[in-house]
Every structure is written in structure tokens, then in C-alpha cells.
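Student: I've got a model open and a few things I'd like to talk through. Could you take me round it?

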Amino acid sequence: MPNESGGSEFPVDIETIAPAVEILPPPISERFENLRKVYTDYQNREVDPTITFDPDRKEESKRANEFAQQLRVNGGVFREALEHPDLQRKTLTMMWTLADDSLVPVRDEIQSIVAENGDVLENLLATSTDTVVQARCLDVILEGCDENHWQSAVDMVYRHWNVVEGFLRSPAGYIKDPDPMVYLHKPNEAISVINQIVSIEDNLYNNNDTQENPVNGKAASTLRNFLVNGVKEGGLKLTEAAGYLGNMKHASYAGSVRTLIAETAGELLRDKGIKEGLEMAEGWLETDRAKISENFRQIEELENQKPGICSFLHDKFGVSHFYRYPTEMLVKQFQEYEKNDKPYGVIMAAKADWNGAFYQGEHSLESMLKGLEGHYYLRVYECDSPYELTKNLIKSDKKYGEQHKISFLVAMGHGTSDAITLGEAFNSGRITQEQVGGPTANSAKKFFVDHPTFLLDSCSTGAEGGFAQTLSRNLNARVRAPIIPAGLNDVIVTLDEDGVDLIPVLSDQSPLMFIGREPESVSKLLGAYNKGEKQDIKEVLKT
């Protein structure tokens with residue numbers, strides 16, 4: 001608009017005005033490194049030494065909330081970093097680690113970030129040629145989703161199932177990358193993905209969000225086909241296939257994951273001529289530390305020595321947990337089945353073993369076998385209830401009882417002062433002090449010699465007034481049992497005019513309840529043993 005003098009209202013030439021300065025954020029690499037430093041500080045956090053007692057974890061919660069706030073503020077950094085090729089591995093590794101954080105605020109925040117970046121993650125999974133990026137995408141998608149996104153996470157992975165199948169078909173070597181530290185084994189990565197999907201599908205199935213049983217789904221079928229066909233076609237050894245099954249998360253031994261493991265293991269064993277494979281595998285899964293690959297390895301070793309031995313021992317003695325026992329012990333039991341020219345004793349081992357303790361007793365069993373050699377036969381049974389234990393005693397008596405009654409019995413099962421647990425069922429799976437003191441146990445005397453020996457590898461059963469004393473009184477037996485929770489380190493076998501005695505050597509020299517022999521002589525015996533004077537045991541017992 002002209003002014004009164006005819007000139008412009010804006011006398012300054014607009015072209016001479018300096019353009020506005022655009023303030024750009026620091027480059028993504030710099031912002032990501034700042035976030036990574038905060039992340040590293042959080043990961044390396046140390047408890048304040050001035051805080052001596054924090055039962056409510058207030059200080060830890062405070063730090064978690066502060067870090068979660070930092071994640072919230074920097075949420076956009078994750079998206080940009082995921083789109084930057086040089087930062088993808090580091091970003092995904094950070095997200096994957098935080099998805100498993102023990103503190104809820106951090107875990108919740110990373111789940112929100114994962115949900116917001118689902119499209120970027122799927123694009124990376126579909127287009128990246130970097131194996132580590134693909135693997136970490138799978139981890140983040142499945143482990144970083146909350147229950148509201150379970151189905152969408154599974155659907156996303158299924159849309160790119162070719163990536164998982166490609167991992168399974170890859171050579172079983174490791175990919176190593178120093179930054180971030182990566183030791184990636186592609187088949188194991190695929191097994192982990194299948195494990196996670198079946199676990200998520202199991203939750204959806206139990207919540208009635210889907211009608212398809214996960215055991216029949218794509219993930220489960222892929223695993224079965226890979227392992228079973230791999231062994232049949234010679235691409236996988238049986239023990240390799242078992243190793244992959246053993247890598248399934250132990251915490252997931254429930255529902256569909258447990259069924260999948262048992263059915264696959266059963267099919268692998270059935271193809272090797274062991275028709276009871278499913279039943280055996282279900283037995284292995286009754287412990288939180290299932291020795292799947294170890295049992296397969298022991299089965300293969302036994303079958304190489306004596307074809308048909310595993311089905312035989314399972315059918316005749318109920319044995320499923322082959323890895324618990326020395327190979328020599330099981331082979332001798334198979335070879336000596338028809339022999340009845342010497343007295344014998346039995347091991348009654350619980351099928352249930354919640355912490356895998358009875359997979360650690362090979363040394364004590366080897367000592368026992370060596371001490372009995374030439375004098376007694378030893379036969380192992382497994383049972384999951386007093387009813388099955390009784391059936392085993394009857395079977396044993398029918399086979400061998402005409403010439404020999406049972407001279408000794410070793411019980412392997414988790415114990416308390418008044419019971420031994422044989423199976424998972426709380427009531428029907430326990431043999432109690434009341435039962436061994438009742439009329440039923442009285443009738444069991446006919447299966448044993450007049451003064452049998454019992455070794456109870458069962459915590460606390462030797463407590464004063466407990467299970468061991470009642471058993472000894474009712475069966476007129478000498479009994480050795482731990483007074484407190486204790487593991488069995490070794491067994492000393494002694495032979496005398498009364499028959500056989502089994503002296504347990506417990507972890508940390510824990511106290512024992514000895515019934516049926518003077519405690520002084522036993523103390524001398526253990527003293528000689530602990531000094532390494534095993535050759536003098538008989539002399540010690542005479543004094």
C-alpha cells in the first residue's frame with residue numbers, strides 16, 4: 001500500500017531480510033547414542049550403598065520409573081533408529097533386552113513402543129537381508145507384545161513364516177557380531193520363535209480367543225516336521241533333534257508346549273522302535289529340569305548295546321528316566337532278568353522329581369552297583385503312587401519270590417518327615433507315614449526277608465518320630481534316612497551276617513537316622529570313609 005508520499009509502506013527491500021533459521025534436531029546417530037547411554041547406565045545400575053534395607057524395592061522402582069519416563073520422551077528416537085541401517089541391530093537388541101526387564105514400568109513402556117512401531121518392525125522383517133536384524137525383529141515382535149497385541153503379533157510373524165523356515169533349514173553354525181554382542185544360532189532362533197508362538201496361542205486358546213488348538217497349528221506342525229522328517233531323511237541325528245526339543249523353555253512346560261514336546265519326542269522314539277516313547281517323554285516333563293536330550297542320548301547308547309532294551313525296561317519295570325541310572329546298571333538288569341541264583345534288592349524311584357535332583361545320583365548308584373557285584377542283583381523300578389509301588393512289589397515277588405525275597409530297598413523320592421512323593425498327584429502320589437504304619441504295610445512283609453535294609457534317599461524322612469522309624473518298626477527293618485533335607489553323595493555297601501547294609505554319605509555330612517545298628521560303629525565307618533580308608537571298612541565294623 002502506498003503512503004502519503006507515494007512511497008512504499010515497507011521501505012526495506014524484503015529480499016534483504018535474512019531468511020529464518022531452521023533449528024534442526026541433532027542427527028539421529030547422536031540422539032540414539034544419548035539414549036543408549038541412558039540405557040547402559042540403567043542396565044549397569046548399582047544399589048545405593050547408603051540404602052541397607054529396601055524390602056519394598058522403593059529405590060529400584062524409582063529408578064525404573066525415571067528410566068521409563070526417558071523411554072517415553074525418546075519414543076520417536078526408536079522409530080528413526082529402526083529406519084537407519086547402521087542403527088538397526090543396536091536398536092533391536094536394546095528393545096529385545098528391555099522387553100524382558102524385571103520391572104513393570106520399563107516393560108510396559110517398551111511394549112507401548114513396540115506396538116507403535118509394528119509397521120516398521122514388519123517392514124524390516126520382510127525386507128532386511130541382515131539375519132541378525134530379522135532374528136531380533138522376531139524376538140521384539142513376540143516378546144515385546146502385551147496380551148492385547150498377542151494375536152496381531154502372531155499374525156505378523158505368520159505373514160513372514162518363510163523367515164522362520166529359512167532359519168530352520170540353515171546350517172547349524174553361529175553368527176558372531178561384536179557390537180552388539182551376538183551369538184546367533186539360526187535353527188535355535190527358529191525353535192525359540194515356535195516356542196513363543198505356541199505359548200501365546202495356548203493363552204489365546206485357553207482364553208477362548210481362538211478355537212484352534214495350538215498343537216495343530218502352523219508353528220507346532222513346522223517343528224514336528226522339521227525334527228521328525230529331519231531324522232528320517234538323515235539330515236538330523238536323533239540326539240540333535242532331541243537337543244532342539246530340550247531348548248524349548250522349561251518355564252513353558254504346560255499346556256500346548258508340553259503336549260508338543262511330548263508328542264514330538266514320542267514320535268521320534270516310535271520311529272526308532274520304542275512304542276512307549278510318548279509315555280516316556282511325558283514322564284520326563286514331570287520335572288522343571290527335564291533332561292530331554294540327555295535321556296535321548298542314554299536311550300541311543302543303550303539301544304546300540306542292546307537293541308530293544310528300553311522298551312523292555314519300560315514294560316517290565318516302568319523305567320522312563322534312563323539318564324538317572326548308569327548305563328552298566330541298566331544293561332546288567334536287562335541281562336540278568338531271568339537270573340535268580342543270588343539274593344536281590346530293588347530301587348523304587350519316584351517318577352515325579354520337581355527339581356531334577358535324582359538325575360544327579362549317578363556316582364552313588366555306581367558305588368552301590370560295585371559294592372553289590374557278585375553278591376546281589378539290583379533291579380530298578382519307577383512308580384508314581386503307593387498303588388504302583390505295590391504292583392511292582394507283587395510283580396517282583398511273582399518273578400523271583402519263590403527263591404529269594406527282597407533283601408534291601410532304596411527309595412528315591414522327595415520327602416518330608418512324614419511322606420515320600422512318588423507322583424505329581426498330591427494325595428494319591430504320596431506314600432505316607434500313616435500308610436507304612438498301617439495294616440497294608442504289615443502285609444507287605446511277605447515280599448521281604450526277615451530283617452530287610454531300607455535306604456531312604458528322601459529328605460527329612462529320618463526325623464525323630466517320623467516316616468523312617470514307623471517303617472522300621474512295622475517291617476522289622478534297619479533303615480537309613482536323612483534327618484534334614486540333604487542330597488546323597490555316595491553309598492557304602494557292607495556285607496555281614498545280617499545281610500547287606502547300605503550306608504549313605506550325605507552332602508555336607510548332614511545327620512542321619514540309623515535304625516538297626518549301633519550308631520557308634522556307623523560313626524566309625526563314616527569316619528574311615530571320609531579319611532579315604534575304604535579298604536578298612538570291614539575291620540571298622542568288627543570293632
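Student: How do the residues lining the largest pocket divide into nonpolar, polar and charged?
Tutor: Keep in mind that this is a predicted model. The lining takes in 29 residues, with L389, L393, I431, V436 and A441 nearest the pocket's centre. Sorted by type, that lining comes to 22 nonpolar, five polar and two charged.

Student: Which element gives the most to that lining?
Tutor: Several elements put in two or more residues, among them strand 5 (406-412), strand 9 (448-457) and helix 22 (467-475). The space they help to line is about 500 Å³. The top contributor, with six residues, is helix 19.

Student: How are helix 15 and helix 16 oriented to each other?
Tutor: Helix 15 covers residues 292-305 and helix 16 covers 309-317, and their axes lie 8 Å apart. The angle between them is about 110°, and 65 to 115 degrees is the range for this class. The two helices are therefore roughly perpendicular.

Student: Which residues of helix 16 meet helix 15?
Tutor: The contact residues of the pair divide into four nonpolar, one polar and one charged. Helix 15 brings I299, L302 and E303, and across from them helix 16 brings I309, C310 and S311.

Student: What stands opposite T421?
Tutor: Start with the open sheet, where three strands run in the order 6-7-8 with antiparallel pairing. Strand 6 (414-416) and strand 8 (430-432) are its edges, each pairing on one side only. Strand 7 (residues 419-421) joins strand 8 over three bridges. Across from T421, in strand 8, is R430.

Methods: Residues are numbered from 1 along each chain as its sequence is written. This is a predicted model: local features need pLDDT of at least 70, side-chain atom pairs count only at pLDDT 80 or more; totals for chains, interfaces and linings use all residues. Side-chain values use heavy atoms; hydrogens and water are left out. Two strands pair if DSSP finds at least two bridges between them. Helices (H or I, at least four residues) and strands (E, at least two) are DSSP runs, numbered from the N terminus. Axes are lines fitted to C-alpha atoms, for helices over the stretch in contact, and angles run from 0 to 180 degrees between N-to-C directions. Angles under 35 degrees count as roughly parallel, over 145 as roughly antiparallel, 65 to 115 as roughly perpendicular and the rest as oblique. Contact means heavy atoms within 4.5 Å. Ala, Val, Leu, Ile, Met, Phe, Trp, Tyr, Cys and Pro count as nonpolar, Asp, Glu, Lys and Arg as charged, and the others, Gly among them, as polar. On a 1 Å grid over the protein atoms alone, a cavity is a set of points where a 1.4 Å probe fits but cannot get out, and a pocket is an open set with protein on both sides within 12 Å along at least five of seven lines; lining residues have an atom within 4 Å of a point. Grid points are joined across faces, edges and corners, and a volume is the space filled by probe spheres set on the points.
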